[in-house]
Amino acid sequence: MTISQIINKFKENHPKADVTMLELAYEFALKAHSGQKRKSGEPYIQHCLHTAFVLAQIKADLATVIAGLLHDIPEDTEYTLADIEKNFGAEAATLVEGVTKLSKIKYRGVERYRESLRKMFLAMARDLRVILIKFADRLHNLKTLESLPLEKRQRIAKETLEIYAPIAGLLGIWGLKWQMEDICFQHLYPEEYKKLEYTYEVKRKFENTQYIQKVKNILNAKLREAAIPFELASRFKHLYSIYQKMQKKNRKFDEIYDVFALRVIVPDIANCYKVLGIIHSLWRPNLNRFKDYIAVPKPNGYRSLHTTVFGPDGKPTEFQIRTKEMDEGAKYGIAAHWYYKIKAKNDNGLRTQPAWIKEILKIQKETEDAHDFIKQIKFNIFHDRIFIFSPKGDVFDLPEGATPVDFAYTVHTDVGNQAVGAIVNDKIMPLDAELKNGDLVEIITEKKRRGPSRDWLKFVKTASARDKIKQNLKNTVMDNIKRFIPNIR
Ligand code: MN
């Protein structure tokens, strides 16, 4: 992978953009990671390039692709976030910071699944682009999983299946979701994967050469006759979703009917319905399997017409009919959706943060399988809540105006009682400082400290901190009394 491949890919989607910064970011990453190697033995810069390439592919904006190149610099090199900000501006630096914070969120098994998911959502609500970078980073890590020890490989694969892939689905980024799932499937269930892969390849070859070709030829002729401009492709269901379907419905491979589908891509919506009419006039449709996701899009924004007909020899055959824009939307989800929306307005690629947040929240709101906690987060975001990160990557939500003392008591009563100072985003801050959304806060504690100060009651914002302080002050008074009058209980 070279930087010119990334630049070319980026220019496909943003032809007028100035890409000087991309080259500079590459030079900088090359210097910062010089001498470092991946576990596979590759130069480290390859990981940065692959991450950036996926971002360019999903039509991410310039700052995001730059951040993709730079995403491992604060963690793994002698350069800091400040260096990134100085050279590439606050926007790219903020994105890298978000990725760094997110990478500190540790996966702790299925039972903590919801919590991990919740944390991802918190990060996402701050800036969705952070998650896109994390996806691209994860995808390359998955592709190079081979060089890691088995245990680590399985941990990463599990975490991806349980957290990353569902979020990619929720955002409608199917292209990434499928790639991630198939790689994880291969590492987690190697036996099942091999077996299924074999059957699948046999079927795929057979269908491709014979049946699909036959159907394609018939449809090709009809569409040309009708003078409709079109692209015709076959899409195969990815292995992991076939496997899931077999498991869920307790079916054999041969009993999964939508392993392949034919996809017709046309210039506009009117032609989608025209093509649908032509297909239905050629072969009898199974009306139970007809879906108009153009008139009624899926909650994550997916649009397409789906129909299954009894094709040649009465064989059930699925067709998906959509426009180019819908097709890209299905692959790249919210990223493409955003890209098209911006493109319709102007092509300068400028977008503002609040719009991103509003957009993602709107989509989450309309998503049927959204968990309750997402609602909670939406509530919090619009109702004066801030999210604070601990150095371990835990996220705590606090009311606006909360201070390091509130944070300390939220972490643990002892941390609150022993607090003597706070480091907020690498700077020492007083205990009554007002925290901001997304701050990374570390509490300095002293074991010898006798307990909280009465003054803290003047500035704490949370009821729980207030209660714990009062409780501790009371205990301290009792301790002192006991010290002077030892016989009292
Ligand atoms: Mn990385």
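Here's a quick tour of a metal site, a small sheet and a few backbone details. Keep in mind that the model is predicted. It holds a manganese ion coordinated by two histidines and two aspartates, His-47, His-71, Asp-72 and Asp-137. Further along the chain, three strands make an open antiparallel sheet, and Val-420, Ile-428 and Ile-444 make a nonpolar patch on the surface.

**The manganese site**

- His-47 and His-71 each give NE2 to the manganese ion, while Asp-72 and Asp-137 each bring in an OD oxygen, with distances of 2.1 to 2.3 Å.
- Read along the chain, the donors follow the spacing H-x23-H-D-x64-D.
- Take His-47 and Asp-72 as a pair: they're 25 residues apart and link distant parts of the chain.
- His-47 belongs to helix H3 (residues 45-57), and Asp-72 sits in the loop between helix H4 (62-70) and helix H5 (73-76).
- His-47 counts as buried because its relative accessible area is 1%, a value under the 20% cut-off.
- Asp-72 is buried too, at 12% relative accessible area.

**The S10-S9-S11 sheet**

- The strand order is S10-S9-S11, with antiparallel pairing.
- Strand S10 (427-429) and strand S11 (441-445) are the edge strands; each has a single partner, so one side of each is left without a neighbour in the sheet.
- Direction ignored, neighbouring strands here are turned by 35 degrees against each other on average.
- S9 and S10 are joined by three bridges, whereas S9 and S11 are joined by five.
- On the S10 side, Val-424 has Lys-427 as its bridge partner, and Ala-422 has Met-429.
- Val-424 also stands opposite Val-441 in S11.
- The hairpin of S9 and S10 has two residues between its strands, and Asn-425 there takes a positive phi near 50 degrees.

**The nonpolar patch**

- Val-420, Ile-428 and Ile-444 together make a patch of about 260 Å².
- Val-420 comes from strand S9 (residues 419-424).
- With a relative accessible area of 35%, Val-420 is partly exposed. That value lets Val-420 join a patch, because patch residues need over 30%.

**Helix H17**

- Helix H17 (residues 404-411) is mostly tucked under cover, with six of its eight residues buried.
- The buried ones are Pro-404, Val-405, Asp-406, Phe-407, Ala-408 and Tyr-409.

**Positive phi in two loops**

- Lys-59 isn't a glycine, yet its phi is positive, near 70 degrees.
- You'll find Lys-59 in the loop between H3 and H4, where it is buried at a relative accessible area of 6%.
- Asn-250 is another non-glycine residue with a positive phi, near 50 degrees.
- Asn-250 is in the loop between helix H12 (239-249) and strand S2 (260-266).
- Asn-250 counts as exposed because its relative accessibility is 69%, a value over the 50% cut-off.

Definitions and conventions
Residues numbered from 1 in each chain as written. Predicted model: local features only at pLDDT ≥ 70, side-chain atom pairs only at ≥ 80, totals over all residues. Heavy atoms only, no water. Patch = residues over 30% accessible without salt bridge, like charges linked within 9 Å, V, L, I, M, F, W, Y side chains within 5 Å. Areas by Shrake-Rupley, 256 points an atom, 1.4 Å probe, with all protein chains shown as cover. Salt bridge = Lys/Arg side-chain N within 4 Å of Asp/Glu carboxyl O. Helix = DSSP H or I, 4+ residues; strand = E, 2+ residues; numbered from the N terminus. Buried < 20%, exposed > 50% of the residue type's maximum accessible area, 1.4 Å probe, protein only. Donors = N, O, S within 2.8 Å, 3.2 Å for Na, K, Ca; no water. Pairing = 2+ DSSP bridges. Axes fitted to C-alpha atoms, helices over the stretch in contact; angles between N-to-C directions.
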